[in-house]
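Q: Could you take me through the nonpolar core of this protein in some detail? I'd like to see how the core sits within the rest of the fold.

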Amino acid sequence: MSNFLADNLTEILNSIPKHVTLVAVSKTKPIENIQNLYDVGQRIFGENRVQELEEKHQALPKDIQWHLIGHLQRNKVKYIAPFVALIHSIDSERLLDEVNIQAKKNDRKIKVLLQFYIAQEETKFGFDIEETKELFTRKSPEKFDSIEFCGVMGMASFSNDENQVRKEFKNLKVIFDQLKSTYFSNSPSFSEISMGMSGDYQLAIEEGSTMVRVGSSLFGKR
Ligand SMILES: *Cc1c(COP(=O)(O)O)cnc(C)c1O
């Protein structure tokens, strides 16, 4: 079992360029699987539920960098604020406000990505570009003084139509470039484009992804 996971990890790491960060998406997978990958060097893991993230953080080595990749409710921010390494799923101003408050309470800065709605499906969370322009024109990013804005995140449609998926990734890259040049040109940390999952990460990398979130190709089917 552990060999199987380590082999998958090696294969995936060999298939992505050095400048692209691999987030190992461990949602629903047991502690032992995560420990196996930790033992061969993986340090960044992604979860989509707060409670599961908390439990795994408690049980596993403390130098793991935990990323929250799923929808986050404001009333749960406090549970992850002490330790979360990066929140990929900031999708409203109210959530941003709450993360800022909880970060301050914990005397730290919390790193976040702004999630954008790029898919055709109705179910995906996220900002659209106009909303964020309105937000940052009214309230500049520096006003969120306990937040470190690190870039953008998006999920493409679940589709076999490669052109459609590519178009959506291109769109997220355009959004990133616009925000970078308008609001974050003096923020070196605003540098990440989190896009690409098991089925589409190669495409995402071709379109400028700097961070891929891979679950099933690594751990097996959920
Ligand atoms: C589950 C999940 C992934 C990983 O999906 P796979 O297809 O298993 O690689 C990536 N991003 C988000 C937001 C997810 O919820």
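**A look at the core**

A: In this predicted model, the largest nonpolar core has 62 residues, and Ile-87, Phe-149 and Leu-179 are those with the most contacts inside it. Helix 7, covering residues 162-183, gives the most to this core, with seven residues. Apart from it lies another core, of seven residues, including Val-23, Ile-44, Leu-113 and Met-211.

Let's zoom in on Ile-87. Leaving out residues up to four places away in sequence, Ile-87 touches Leu-68, Leu-72, Ile-80 and Val-99, and also Ile-110, Lys-111, Val-112 and Leu-113. Leu-113 is worth a second glance: Ile-87 touches Leu-113, yet Leu-113 is among the residues of the seven-residue core.

In soluble globular proteins, nonpolar side chains tend to be buried together. Here, buried residues make up 51% of the 222 in the protein.

Now step back to the whole fold, which has nine helices and eight strands. The radius of gyration is 17 Å, close to the 17 Å that the globule rule gives for 222 residues, so the protein is as compact as a globular protein of that length. Its C-alpha trace spans about 50 × 45 × 30 Å along the principal axes. If you take contacts between residues at least 6 apart in sequence, 60% of them join residues at least 24 apart.

As for the outside, the protein exposes about 10,700 Å², with carbon and sulfur atoms supplying 47% of it. There are 29 positive and 31 negative side chains, and the centres of those two sets lie 3 Å apart.

Conventions
Residues are numbered from 1 along each chain as its sequence is written. This is a predicted model: local features need pLDDT of at least 70, side-chain atom pairs count only at pLDDT 80 or more; totals for chains, interfaces and linings use all residues. Side-chain values use heavy atoms; hydrogens and water are left out. Helices (H or I, at least four residues) and strands (E, at least two) are DSSP runs, numbered from the N terminus. The radius of gyration is taken over C-alpha atoms; the globule rule is 2.2 Å times the number of residues to the power 0.38. Buried means under 20% relative accessible area, exposed over 50%, partly exposed in between (1.4 Å probe, protein chains only). Contact means heavy atoms within 4.5 Å. Accessible areas come from the Shrake-Rupley method with a 1.4 Å probe; for residues, only the protein chains shown count as cover. Lys and Arg count as positive and Asp and Glu as negative; His and the chain ends are not counted. The place of a charge is taken as NZ of Lys, CZ of Arg, CG of Asp or CD of Glu. A nonpolar core is a set of buried Ala, Val, Leu, Ile, Met, Phe, Trp, Tyr and Cys residues joined through side-chain atoms within 4.5 Å.
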